[in-house]
Amino acid sequence: METRELRYFVAVAEEFHFGRAAERLGIAQPPLSRAIKQLERRLGVQLLERTSRTVELTEAGKVLLREGQAALDAVDAAARRTRRAAAGEPKLVLVTKAGASSELLPKLLDAYAAEPGAVAVEVLLCGIGEQERLLRDGRADVGLLHRPFDTTTGLDIEELSTEGQILVLPKGHPLEGRTDLRMADIAGLPLPRWPHCDGGYPDGPGPEVHDHAQLLQLIALGRAVALLPETARIHLRRDLAFVPILDAPTVTTVIAWPPHSRSLALAGLIQTATRL
């Protein structure tokens, strides 16, 4: 397969429409249709079910979409890392969610900087669930992720720490005086709804939230409460309170990187992280 054909197919599969895909790719629709038919002939399978109004993926098409997205990410990652290697001074790009790992991250950066042969580390702060994508497409070399909230499928990882969760709520909330809680105690409370990878939000009574700062503001206003890792209590605002949740799922912080990486600088950073 040619990379061009694969990009064309992924655009159609994601848009479910030849016209929108052609507009996204900046080409006319007829050559796009011809390219998809040529790809189907090359593979010997039907990828799309076409009607006059809609485009649906066949089972084979669903497989190629998933594999094709990963392949294109790998191609883009190779280009980005190659350009970065030629840019002069070596460096690592570390991605983490804004507001997360606030205790671990400065310790890690300071400890690694003191190591012989350490390179510069650029910190890339991202939104919820974006670390995996940034690692796969080459915009980041290494990331701090938190299971079960973040997926680490297809990445190499080292576990760094495991902790419980707390319920963060506004000062004066009726539950503030409790020494601990269980998940059953918070059923029905307005928990935040974080976006899926496709940008949609799950159903629920709580507000839609897209970053940590917005979440804390909504909690302070009494519009939400939130389950956060235990270490989040260290930097809570004065207008917020917390109560431990005894039976909440534990949160495991991991350092993750693409499995094909052979960077000695990255290996040094990972060793420093596991030592901490």
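A crossing of two helices is left-handed if the near helix is turned anticlockwise from the far one by less than a right angle. I put that at the top of the page since handedness comes up below.

**Entry 1: the whole chain**

I am working with a predicted model. I looked up the overall make-up and found eight helices and 10 strands in the chain. The C-alpha trace spans about 65 × 50 × 25 Å along its principal axes. Of the 276 residues, 38% count as buried. I also checked how far along the sequence the contacts reach: among those with a separation of 6 or more, 66% come from residues 24 or more positions apart.

**Entry 2: α1 against α3**

I turned to the pair α1 and α3, whose axes lie 9 Å apart and make an angle of about 110 degrees. That angle makes α1 roughly perpendicular to α3, because angles of 65 to 115 degrees count that way. Here is where the opening definition is needed: the crossing of α1 and α3 is left-handed. On the α1 side I listed R4, E5, Y8, F9 and V12, and they meet L32, A35, I36, Q38, L39 and R42 of α3. Sorted by type, the residues of this contact are seven nonpolar, one polar and three charged.

**Entry 3: α2 against α3**

Next I looked at helix α2, residues 18-25, which packs on α3 at an angle of about 105 degrees with the axes 9 Å apart. So α2, too, is roughly perpendicular to α3. From α2 the contact takes F18, G19, A21, A22 and L25, and from α3 it takes Q29, L32, S33 and I36. How do the residues of this contact divide into nonpolar, polar and charged? I count six nonpolar, three polar and no charged. A nice detail for the margin: L32 and I36 of α3 are in the contact with α2, and L32 and I36 also meet α1.

**Entry 4: helix α4**

Last, I checked the length of α4, residues 59-85. Its 27 residues at 1.5 Å each should span 39 Å, and the end C-alpha atoms are 39 Å apart, so the two agree. Which residues of α4 are buried? I noted G61, L64, L65, G68, L72, D73, A77 and R84. I then asked what covers the buried residues of α4. The cover includes the helices α1 (3-15), α3 (29-43) and α6 (131-136), along with the strands β2 (55-57) and β3 (91-97). So α1 and α3, the pair from my second entry, turn up again here as part of the cover over α4.

Key. Residues are numbered from 1 along each chain as its sequence is written. This is a predicted model: local features need pLDDT of at least 70, side-chain atom pairs count only at pLDDT 80 or more; totals for chains, interfaces and linings use all residues. Side-chain values use heavy atoms; hydrogens and water are left out. Helices (H or I, at least four residues) and strands (E, at least two) are DSSP runs, numbered from the N terminus. The expected span of a helix is 1.5 Å times one less than its number of residues. Buried means under 20% relative accessible area, exposed over 50%, partly exposed in between (1.4 Å probe, protein chains only). Contact means heavy atoms within 4.5 Å. Axes are lines fitted to C-alpha atoms, for helices over the stretch in contact, and angles run from 0 to 180 degrees between N-to-C directions. Angles under 35 degrees count as roughly parallel, over 145 as roughly antiparallel, 65 to 115 as roughly perpendicular and the rest as oblique. Ala, Val, Leu, Ile, Met, Phe, Trp, Tyr, Cys and Pro count as nonpolar, Asp, Glu, Lys and Arg as charged, and the others, Gly among them, as polar.
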